[in-house]
Amino acid sequence: MLTRESFDSDFHHGEYVEWYEKAKEQEHKFWVDDIPVQQHLLQLFNEFKHKRPDIVVKPSNSLKWDSVGLKVFEGVSIAFNEAPDVVVGYLEGCRGDDNFPKYTVTSERICNEKYSDYNKLYHTKTTKKLTLAIKNALQFVKPFDLDYMAKKESSSASHALDTLKEKANDTLYYKFDADRKELFKEVSNMVSAGYTPRTPKFAEMIDIFKAEGEMMKELLAYKPRKCFVWAKVDRLEYRYDDEEVVVALNIGEVPEDIRNKVAVLQIADKNSPIKDVGVRISESTYWLFV
């Protein structure tokens, strides 16, 4: 039986456990590992796995009723042994409304011009032919390379940097907000005398600047060089901004700076950036700030 880690919520895991046990009780015949599935999905999966034995399978969140009143999965997500936490596509197989088999392959690599790019079917190819479905799966459901992953996760790096600057921005643009009366009093005071804050608001601003001004200036100007790191099962790949991908087959080939920062991020919360270190995107991918 699959563990909670294979699902994105307690609800979906609980639903899986319920129907896994019922499938066992009813001696359901079609299984992908410990996942009860539709017969047509099993056919597609077996043919694909024969061609790509290095795949890792996880259940999708779509349980459907079969002909005997049992809920089974009509889709599975696909990853690969080199990076089992990175889902690269989905396989679906079921009986269509016309009672014929229907096979669907989903991948970010697919751009189906039958649909607009915001339609959920834009990244899918559906066919009644098993041989064509296998061809589509082999063409589109395959491992990502580091350049693709870095581009895919580029917004995560930008978001992390914005998060680091958020406190400074909040202090500058909200805590320092002052109404016109206060500004008038302060400007008048500055004109008539040497600058000594008269209003509590400006006095507070001065105190904050004395304590945090340099830190805020530094954060607002913070534009580190970035390095995308992907820790795969059998190797580590990394690439600095605008440089070539480097593949390290053992830990001794990884620069000490990268090793140290990845070690820190491995115990940090996901999507919680650390200045001059980086941010953990997933269990195996990281953006480092250099």
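**Close-up views of a predicted model**

**View 1. Asparagine 112 and the residues it touches.** Leaving aside residues up to four places away in sequence, Asparagine 112 touches Leu121, Tyr122, Thr124 and Lys125. This is a predicted model, so keep that in mind as you look around. Asparagine 112 sits in a loop, the one that runs between strand E8 (101–106) and strand E9 (124–127). Being in a loop doesn't put this residue out in the open here: Asparagine 112 has a relative accessible area of 10%. Because that value is under the 20% cut-off, Asparagine 112 counts as buried.

**View 2. Two cysteines, Cysteine 94 and Cysteine 111.** Is Cysteine 94 buried or exposed? Cysteine 94 is buried, since its relative accessible area comes to just 11%. Cysteine 111 has a relative accessible area of 44%, so Cysteine 111 is classed as partly exposed. And how many disulfides does a search of the whole structure find? The search turns up zero.

**View 3. The largest cavity and its lining.** How many cavities of 30 Å³ or more are there? The count is one. The largest cavity has a volume of about 40 Å³. Around the largest cavity you'll find Phe80, Glu82, Ala83, Val86 and Val88, along with Pro143, Phe144 and Trp230. Sorted by class, the lining of this cavity has seven nonpolar residues and one charged residue, with no polar ones. The charged one is Glu82, because Glu belongs to the charged class.

Terms used
Residues numbered from 1 in each chain as written. Predicted model: local features only at pLDDT ≥ 70, side-chain atom pairs only at ≥ 80, totals over all residues. Heavy atoms only, no water. 1 Å grid on protein atoms, 1.4 Å probe; cavity = no way out; pocket = protein on both sides within 12 Å on 5 of 7 lines; lining within 4 Å. Points joined across faces, edges and corners; volume = space filled by probe spheres on them. Disulfide = S-S within 2.5 Å. Buried < 20%, exposed > 50% of the residue type's maximum accessible area, 1.4 Å probe, protein only. Helix = DSSP H or I, 4+ residues; strand = E, 2+ residues; numbered from the N terminus. Contact = heavy atoms within 4.5 Å.
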